[in-house]
Amino acid sequence: MLKEEETINHPYWPRNLSIPNYVANDRSMSEILIFLFSVSGILLLATWSLTGRKVCGSRLSGGRRLALCWFTVCGFIHGVIEGWFSLYYTIIPKDQSFLSQLWKEYSKGDSRYAIADNFTVSMETVTACLWGPFSIWIVVAFLYNHSYRFVLQLIVSLGQLYGAVLYFFTEHRDGYIHSEYGHPIYFWFYFVFMNTLWIVIPFILIVDSWCQLSACQSMFDKAALKGKSKRS
């Protein structure tokens, strides 16, 4: 926390945070957001185009293609953006690399990233190392119709949902002190909206995986029962 003789040199909350090595961004908020959404948009379009081809003689449904677009963007965000944080969290406040500036901008919505809070470092490291590569693996698994594709989807979606719930719950227990509570951009857009996506979409995909795997198990059980009946 800030000592009496220190001055506030950063835009983060709570205002008495001490970040002595902080260097202000020289990139604007619009530059950073345009980069993030442009890359995500390009990946969405590329994946939508790629998944339009036939897989094992049939085409993927629109919903399935959208799910694969989601996992491609997740691969980028988890592996590249969150991977950057997990590697360079100690120097981000003073670093002027583009991705460090992205994290300094996002920290206006959650200053735990600016101070390298233990939870965020641990969560982002696990996310970058596991859910990033696994997200790309899911896309490949569906494109090649691998039998384990829905198992992968279930694992990653559960991990994402669990991480997002913990992310919100830990901040709730802290009293939402790491953001300007109620701010339309920093609190509602950065903190609430962007992270709620990792609750809503993974939940839908968990239900999808549950239905697909349950249907497969039901077919297997019926086939096994028929086999027993024939033998008897």
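Student: What relative accessibility does Pro-133 have, and how does it count on the buried-to-exposed scale?

Tutor: Pro-133 counts as partly exposed because its relative accessibility is 44%. The scale calls a residue buried under 20% relative accessible area, exposed over 50% and partly exposed in between, with a 1.4 Å probe and protein chains only. Before you read on, note that this is a predicted model: local features need pLDDT of at least 70 and side-chain atom pairs pLDDT 80 or more, while totals for chains, interfaces and linings use all residues. Numbering starts from 1 along each chain as its sequence is written, and side-chain values use heavy atoms, without hydrogens or water.

Student: Where is Pro-133 in the fold?

Tutor: Look in helix α4. The C-alpha atom of Pro-133 is 9.2 Å from that of Phe-76, although the two residues are 57 apart along the chain.

Student: How many helices and strands should I be looking for?

Tutor: There are six helices and two strands. Here helices (H or I, at least four residues) and strands (E, at least two) are DSSP runs, numbered from the N terminus. Starting at the N terminus, the order is α-β-β-α-α-α-α-α. Taken along the principal axes, the C-alpha atoms fill a box of roughly 85 × 35 × 30 Å.

Student: What share of the residues is buried?

Tutor: Of the 232 residues, 41% count as buried. For a helix that is mostly covered, try α3, where eight of its nine residues are buried. Among them are Leu-99, Trp-103 and Tyr-106, and also Lys-104 and Glu-105.

Student: Glu-105 carries a charge, so what does its side chain meet?

Tutor: The general idea first: side chains of opposite charge can pair when their charged atoms come close. A salt bridge here is a side-chain nitrogen of Lys or Arg within 4 Å of a carboxyl oxygen of Asp or Glu. Glu-105 has such a bridge with Lys-108, at 2.9 Å from N to O. Both of these residues are buried.

Student: How many salt bridges are there by that rule?

Tutor: Five. One of them joins Glu-171 and Arg-112, at 3.6 Å from N to O. Glu-171 sits in helix α5 (residues 149-173) and Arg-112 in the loop between α3 (98-106) and α4 (118-143), so this pair ties together parts that are 59 residues apart in sequence. Glu-171 and Arg-112 are both buried. They also belong to a network of salt bridges that takes in Asp-110.

Student: Are the partners in the Glu-31 and Arg-27 bridge buried, exposed or in between?

Tutor: In between: Glu-31 is partly exposed because its relative accessibility is 35%, and Arg-27 is partly exposed too, at 38%. Their salt bridge is 3.4 Å from N to O. Now for the spacing idea: an α-helix has 3.6 residues a turn, so residues three or four places apart point the same way.

Student: Next, rings. How many aromatic pairs does the model have?

Tutor: The count is 29. Take Tyr-176 and Tyr-181, a tilted pair with 5.8 Å centre to centre and 50° between the planes. Rings of Phe, Tyr and Trp (its six-membered ring) pair if their centres lie within 6.5 Å; planes under 30 degrees apart are stacked, over 60 edge-to-face, and the rest tilted. Tyr-176 is partly exposed, at 25% relative accessibility, whereas Tyr-181 is exposed, at 57%.

Student: What about Phe-189 and Tyr-190?

Tutor: That pair is tilted as well, with 6.1 Å centre to centre and 50° between the planes. Phe-189 is partly exposed at 24%, while Tyr-190 is buried at 1%.

Student: Last one: what is the volume of the largest pocket?

Tutor: Rolling a probe the size of a water molecule over the atoms shows where empty space is left. The largest pocket comes to about 900 Å³. Of its 39 lining residues, the closest to the centre are Ile-77, Glu-82, Met-194, Asn-195 and Trp-198. The elements giving two or more residues to the lining are α1 (29-50), α2 (62-88), α3, α4, α5 and α6 (186-231). On a 1 Å grid over the protein atoms alone, a pocket is an open set of points where a 1.4 Å probe fits, with protein on both sides within 12 Å along at least five of seven lines; lining residues have an atom within 4 Å of a point. Points are joined across faces, edges and corners, and the volume is the space filled by probe spheres set on them.
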